[in-house]
Amino acid sequence: MTQKHPLVYGMRPLWPGQLARVEMHQTRTGGDLSHIRPGRTHLNAFLIGDENWRERLEEDLRRASELNFRHAYSARRWTRKRKKEANEIRRNGPQDPWKRDRAEGPLREGVLTANKKHFEGDMPGFQSVEKENAFRRSALRFLQDQFGKSCVAAWEDRDEEAYHIHFVIAPWVVSESKQAGKQRRLEPSSIPVIKSYEAGHDIAAEYFAGAGLVRGEKRAQARRDAFAADGESELPTDNKTCHDWRAEEAVRLHEKRKKAAEAWIQARKKEKAAREAQKRAEALAEKNRQEEQRREKKHAARIAAVIKREAEVEKKEAVLTQHEEKVSWREQLAKFVEKAQDEFARLLFSGLDAVKAAAEKVGLKDHPLVRGGVDAVEKLRVAYRERNQDRQR
């Protein structure tokens with residue numbers, strides 16, 4: 001089931017001097033245009049009256065002042081025969097065509113609309129032409145039946161967030177008396193829907209029922225019921241104009257954007273501090289890495305030096321080993337030579353004794369050859385014994 005939204009029916013007093021502001025909003029030539037979508041302004045159109053409504057109304061006010069002045073002077077001077085009072089009227093000149101003691105403007109500016117979701121079609125975010133047409137028809141019936149010719153202008157705005165209709169009311173009343181003659185004045189209370197704002201909502205709701213809207217919450221009745229029951233009641237709602245609401249909303253959004261900007265600045269500062277901290281950490285890590293690389297290089301250099309020294313030591317050891325092997329081989333050779341010499345000496349010396357014994361047997365002991373050979377061998381024996389003695393020492 002489609003949700004029924006409440007009708008928004010607002011009306012506020014208006015002085016003739018404020019008509020220029022109303023027209024400026026209608027023509028989009030000034031004021032707060034932040035909520036306006038310029039691409040849709042050409043869709044705005046008059047439902048009652050035309051773009052010259054302000055000039056005609058101001059001229060009507062001027063003519064009413066002038067005619068009221070003439071009729072009042074004529075009635076006092078010629079009908080009532082009160083020359084003094086007539087002269088007083090002439091000295092005062094034309095007066096505003098409304099009661100002097102009014103605390104609020106004699107004109108009325110009104111608006112008819114509903115929640116923007118009411119005007120949406122089957123696709124959210126897109127307006128429904130059928131709903132806008134139904135609302136327009138209901139609004140025209142309401143304005144024509146309740147205000148008649150008092151509604152000097154009405155136009156639809158389709159370039160804002162929600163479709164709505166503005167209208168301006170000039171509630172003219174004509175009276176005639178012997179004291180003042182024929183007088184044409186603005187009297188808002190002469191129109192029922194203006195005289196009773198609460199009744200006006202009830203009447204307006206009946207016209208817009210066919211457009212799918214209902215009456216808004218009856219707060220005034222709720223306050224009366226609560227007062228009658230000696231209960232707590234809400235204070236009357238202080239209705240704000242769209243202009244005032246947008247101004248307050250602009251201030252609120254400005255403060256919100258200001259806080260968001262401050263938060264963004266703080267976030268940027270924190271992000272900058274984090275980047276700087278990260279850079280410092282990366283620089284420290286790079287420094288540590290380079291230091292570690294230097295230490296590793298030094299350690300590798302020391303290991304290489306140790307390996308080199310060990311290789312050199314091994315090389316030296318290999319050379320020493322080879323040298324020792326050579327020395328050992330020479331010693332073995334020397335020992336072998338010594339053994340061979342000893343064996344040769346033993347054989348030689350033992351053979352000498354045999355030669356001496358054989359020579360003595362044959363009588364050649366004193367032969368020069370034998371003696372020379374024996375003496376030579378004896379010298380070798382003496383030298384061999386001395387060498388052995390030296391070697392043993």
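A pocket here is an open set of grid points with protein on both sides within 12 Å along at least five of seven lines. The second largest pocket holds about 340 Å³ of space. The model is predicted. This briefing covers that pocket, a cavity, strand β5, helix α6 and two single residues.

**Second largest pocket**
- The lining of the second largest pocket counts 19 residues.
- Nearest the centre of this pocket lie Ala72, Gln95, Arg100, Gln183 and Arg185.
- At least two lining residues come from each of α2 (53-79), α3 (83-92) and β7 (181-186).
- The top contributor is α2, which gives five residues to the lining.
- Sorted by class, the lining has six nonpolar, seven polar and six charged residues.

**Largest cavity**
- Rolling a probe the size of a water molecule over the atoms reveals where empty space remains.
- Across the whole structure, the search finds one cavity of 30 Å³ or more.
- The largest cavity has a volume of about 40 Å³.
- Charged residues account for seven of its lining, alongside two nonpolar and one polar.
- Among the lining residues are Arg37, Arg40 and Arg158.
- Acidic side chains also line the largest cavity, namely Glu132, Asp157, Glu160 and Glu161.
- Gln127, Ala162 and Tyr163 complete the lining.

**Strand β5**
- Strand β5 spans residues 164-169 and is mostly covered, with six of its six residues buried.
- In a regular strand, side chains alternate between the two faces of the sheet.
- Both faces of β5 are covered.
- On one side, His164, His166 and Val168 are buried.
- On the other side, Ile165, Phe167 and Ile169 are buried.
- Strand β3 (residues 107-114) runs antiparallel to β5, and six bridges join the two.
- Strand β4 (residues 151-157) also runs antiparallel to β5, again with six bridges.
- Phe167 of β5 is the bridge partner of Gly110.
- Phe167 is also the bridge partner of Ala154.
- β4 and β5 form a hairpin, with six residues between them.

**Helix α6**
- Helix α6 covers residues 197-207, and its buried residues are Gly200, His201, Ala204, Ala205 and Tyr207.
- Viewed down the axis of α6, these buried residues fall within an arc of 150°, so they line one face of the helix.
- Their cover includes β1 (5-14), α4 (129-146) and α5 (192-195).

**His118**
- His118 sits in the loop between β3 and α4.
- Its relative accessible area is 6%; His118 is buried because this value is under the 20% cut-off.
- Leaving out residues up to four places away in sequence, His118 touches His5, Lys131, Ala211, Gly212 and Leu213.

**Lys272**
- Lys272 lies in helix α8, which spans residues 242-362.
- Lys272 is partly exposed, with a relative accessible area of 47%.
- That class applies because 47% falls between the cut-offs of 20% for buried and 50% for exposed.
- Lys272 and Asp96 are 176 residues apart along the chain, and 68 Å separates their C-alpha atoms.

Methods
Residues are numbered from 1 along each chain as its sequence is written. This is a predicted model: local features need pLDDT of at least 70, side-chain atom pairs count only at pLDDT 80 or more; totals for chains, interfaces and linings use all residues. Side-chain values use heavy atoms; hydrogens and water are left out. Buried means under 20% relative accessible area, exposed over 50%, partly exposed in between (1.4 Å probe, protein chains only). Helices (H or I, at least four residues) and strands (E, at least two) are DSSP runs, numbered from the N terminus. The arc is that of the directions from the helix axis to the C-beta atoms. Contact means heavy atoms within 4.5 Å. On a 1 Å grid over the protein atoms alone, a cavity is a set of points where a 1.4 Å probe fits but cannot get out, and a pocket is an open set with protein on both sides within 12 Å along at least five of seven lines; lining residues have an atom within 4 Å of a point. Grid points are joined across faces, edges and corners, and a volume is the space filled by probe spheres set on the points. Ala, Val, Leu, Ile, Met, Phe, Trp, Tyr, Cys and Pro count as nonpolar, Asp, Glu, Lys and Arg as charged, and the others, Gly among them, as polar. Two strands pair if DSSP finds at least two bridges between them.
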